[in-house]
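The exercises below ask for careful reading of a structure, and each one is followed by a solution that proceeds step by step.

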Amino acid sequence: MSIAFDQPALSALSKAPSNPLRGRARSLASYLQAAPLALILGFFLLLPLVMIVVVSFWDYDFAQMYPDFVTFNYSETLTSWVTWKTYLNTLKYAALVWILTTTIGFTVAYFLAFHIRTTAMQTVLFLVCTVPFLTSNIIRMISWIPVLGRNGLINSSLIESGLVASPVEWLLYSDFAVVLAMVHLYTLFMVTPIFNTLMRIDRALIEAARDAGASGPQILWNVVLPLAKPGIAIGTIFVVTLVMADFSTVQVMSGGQSASVALMMKNQMSLLQYPAAAANAVVLLLLVLVMVGALLRIVDIRKEL
Amino acid sequence: MREERRSGTFWLLAGFFALFVLFLYGPLSAILILSFQGPDGGLTFPLNGVSLHWFANLLEQQAVGDFGGSFRRSFALGLLVMAVTVVVSLLAGLAFRRRFMGATVLFYLSVASLVVPSIIVSLGIGVLFSQLGLEPWWLSSAFGAHLTWTLPFGVLIMFAVFNRFSPSYEEAARDLGASSWQSFAHVVLPMILPSLVGVGLFGFTLSYDEFARSLMTAGTYNTLPLELYGMTTNVTTPVLYALGTVTTVFSLLVILVTVGMITALRRRNMQARP
């Protein structure tokens, strides 16, 4: 996830220790070094997830939750037409944003990796792409309002040029605005991993393909694209999980007219219906984990780092 | 491709790249310009005069929100998250250099931390704290929630760094009589320092801008992104843009300083080589 590392990859695993006593001390050191990470993720990730699963079977009223074992939190959400529509809508966003970010991300990464000649220039241009990612998502989202709004930049220039008589309404507070903002927010998550894999492609392979008579598009389709698959897979993991988890972009950019699963959860949370939100969380989590699991069959993350 | 003259494809792709950069920065610059809106100006163009009115408004107006307090909290939290992320990721990175039982589980737990939807983390920690009888507080629950987002980035970066780190440097140090600590402090650490600064930048900015994970974990006192999100629904004056400009300029300064530091460190490392 960082600026491309230029040294050749070397196996990190050191040789097996020869002295058994020293070996034990070393493995103890490993545990001590790994312990803080394990403790933090254990307490702030695993335990909360367990808690959500537990609470999803609890009963509740308007004020509080009651420990119990009931399944109506699940049956209520899974038999509701609204839930299914919301899931479909979220998946629609995921699909649209994935297609757009993959196309844009691959094109940008390809340009940086194969058409920029110096490493310094590559680093600078890559940083130019990275900087917005390190600023506030909420600011980047609301920055579309003066551009897309009824009196926004696009509408006023369209009217001034006489192309339309009245402002185009679907630019803001619509599915279009949601997808546009998501592409704006998440494309970098596609650019970075694809750029990293493209940088590692042996340039001799491309020359060999050319010498064998392949045309430009053939090289792109039969050599570059297959080798870029791991990067595309990692980018897909990022983009799909981010879109599936999104509620703020959907809320702000659709003006409350569209829903996503996470937004549905957030509304339940603000009504203090935690067990209902927890049941939705479990369903959403399973869906996301299945998607990521499928993608991890394509790519071994540890080999790609 | 490198030896050829610039082709038509190059210019086509360069044009695409330029459009992409415009897409990234265009809307942001609209906010920047509109924050200098005159006192009677609205949320959209045209500019109704140019003034610092909305920036001044940001300083005085306390009825809607507490910008100063939320900024201080987000800043402090960011620094804390940064420090913990750097140390914990470095330690984990060192641990992963050797085989140990549970290494694979821990690695995939870190990946899981990255893919679990933020709002689920937020809900889980919120419910966990309430069941433990603890008040959610930005320095406890939100701090932990942010770490579940920054640590995976830190760990993956350290993993990548050590994947490319040749053990022969340490072997050479050991052959020359250095202790484990000496070879770490004088050989390994200076070489990976630029990457550690990068991890720190991720830690700080990801925490400083984090919204979804703070939602149920920040407690009574808002962090800056929560304050901003509240403003998107109930503030209809350019003061929103003024705050946006201030936080963005602050983020840019942080990035600029960090990139400068990384470049300086890299240069020093290059000069140190014979």
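**Exercise 1: Two residues of chain B**

B:Asn269 is buried, its relative accessible area being 16%. The coordinates belong to a predicted model, and this applies to every value in the solutions that follow.

Task: Place B:Asn269 in its helix, and list its contacts beyond the neighbours within four places in sequence; then do the placing for B:Ser195 as well.

Solution. Step one is the location: B:Asn269 belongs to helix H10 of chain B, which covers residues 239-272. Step two sets aside the neighbours within four places in sequence, after which B:Asn269 is in contact with B:Pro190, B:Met191 and B:Pro194. Step three turns to B:Ser195, which is found in helix H8 of chain B, residues 180-208. With a relative accessible area of 14%, B:Ser195 is buried, because the cut-off for that class is under 20%. As a last step, take the C-alpha atoms of B:Ser195 and B:Ala218, which are 23 residues apart along the chain and are separated by 30 Å.

**Exercise 2: Chain B as a whole**

Task: Describe chain B by its secondary structure, its extent, its burial and the sequence separation of its contacts.

Solution. Begin with the elements: chain B has 10 helices and zero strands, and its pattern along the sequence reads α-α-α-α-α-α-α-α-α-α. Next, the C-alpha trace of chain B spans about 75 × 65 × 30 Å along its principal axes. For burial, chain B holds 274 residues, of which 55% are buried. Finally, among the contacts in chain B with a separation of 6 or more, 73% are between residues 24 or more positions apart.

**Exercise 3: Two helix packings in chain A**

Task: For the pair H3(A) and H10(A) and the pair H12(A) and H13(A), derive the relative orientation from the angle, then give the handedness and the residue classes of each contact.

Solution. In the first pair, helix H3 of chain A (residues 81-115) packs against helix H10 of chain A (residues 216-244) at an angle of about 135°, and their axes are 9 Å apart. H3(A) is therefore oblique to H10(A). The crossing in which H3(A) passes H10(A) is right-handed. By class, this contact of H3(A) with H10(A) has 17 nonpolar, four polar and no charged residues. Residues contributed by H3(A) include A:Tyr93, A:Val97, A:Trp98 and A:Phe106, while those in H10(A) include A:Leu225, A:Ile232 and A:Val239.

In the second pair, the angle between H12(A) and H13(A) is about 160°, with the axes 8 Å apart. Because angles over 145 degrees fall in that class, H12(A) and H13(A) are roughly antiparallel to each other. Here H12(A) passes H13(A) in a left-handed crossing. From H12(A) come A:Val261, A:Met264, A:Met265, A:Gln268 and A:Met269, and these meet A:Tyr274, A:Ala276, A:Ala277, A:Asn280, A:Ala281 and A:Leu284 in H13(A). The residues of the contact of H12(A) with H13(A) are nine nonpolar, two polar and no charged.

**Exercise 4: Positive phi in chain A**

Task: Find where A:Tyr173 and A:Leu272 lie, and say what class of accessibility each has.

Solution. The background is that most residues other than glycine have a negative phi. A:Tyr173 has a positive phi, near 55°, and sits in the loop between helix H7 (153-160) and helix H8 (175-199) of chain A. Its relative accessible area of 37% makes A:Tyr173 partly exposed. A:Leu272 likewise has a positive phi, near 65°, and its place is the loop between helix H12 (261-270) and helix H13 (274-298) of chain A. A:Leu272 counts as partly exposed at 38% relative accessibility.

**Exercise 5: Aromatic pairs**

Task: How many aromatic pairs does the whole structure contain, and what is the geometry of the pair formed by B:Phe107 and B:Tyr108?

Solution. The search over all chains finds 40 aromatic pairs. In one of them, B:Phe107 and B:Tyr108 are edge-to-face, with 5.5 Å centre to centre and 85° between the planes. B:Phe107 is buried at 0% relative accessibility, whereas B:Tyr108 is partly exposed at 32%. A further step follows ring pairs across chains, which link A:Phe133, A:Tyr186, A:Phe189, A:Phe238, B:Trp149, B:Phe153 and B:Phe202 into a cluster.

Conventions:
Residues numbered from 1 in each chain as written. Chains lettered and ligands numbered in written order. Predicted model: local features only at pLDDT ≥ 70, side-chain atom pairs only at ≥ 80, totals over all residues. Heavy atoms only, no water. Axes fitted to C-alpha atoms, helices over the stretch in contact; angles between N-to-C directions. Helix = DSSP H or I, 4+ residues; strand = E, 2+ residues; numbered from the N terminus. Parallel < 35°, antiparallel > 145°, perpendicular 65-115°, else oblique. Left-handed = near helix turned anticlockwise from the far one by under 90°. Contact = heavy atoms within 4.5 Å. Nonpolar A, V, L, I, M, F, W, Y, C, P; charged D, E, K, R; others polar. Phe/Tyr/Trp six-rings, centres within 6.5 Å; stacked < 30°, edge-to-face > 60°. Buried < 20%, exposed > 50% of the residue type's maximum accessible area, 1.4 Å probe, protein only.
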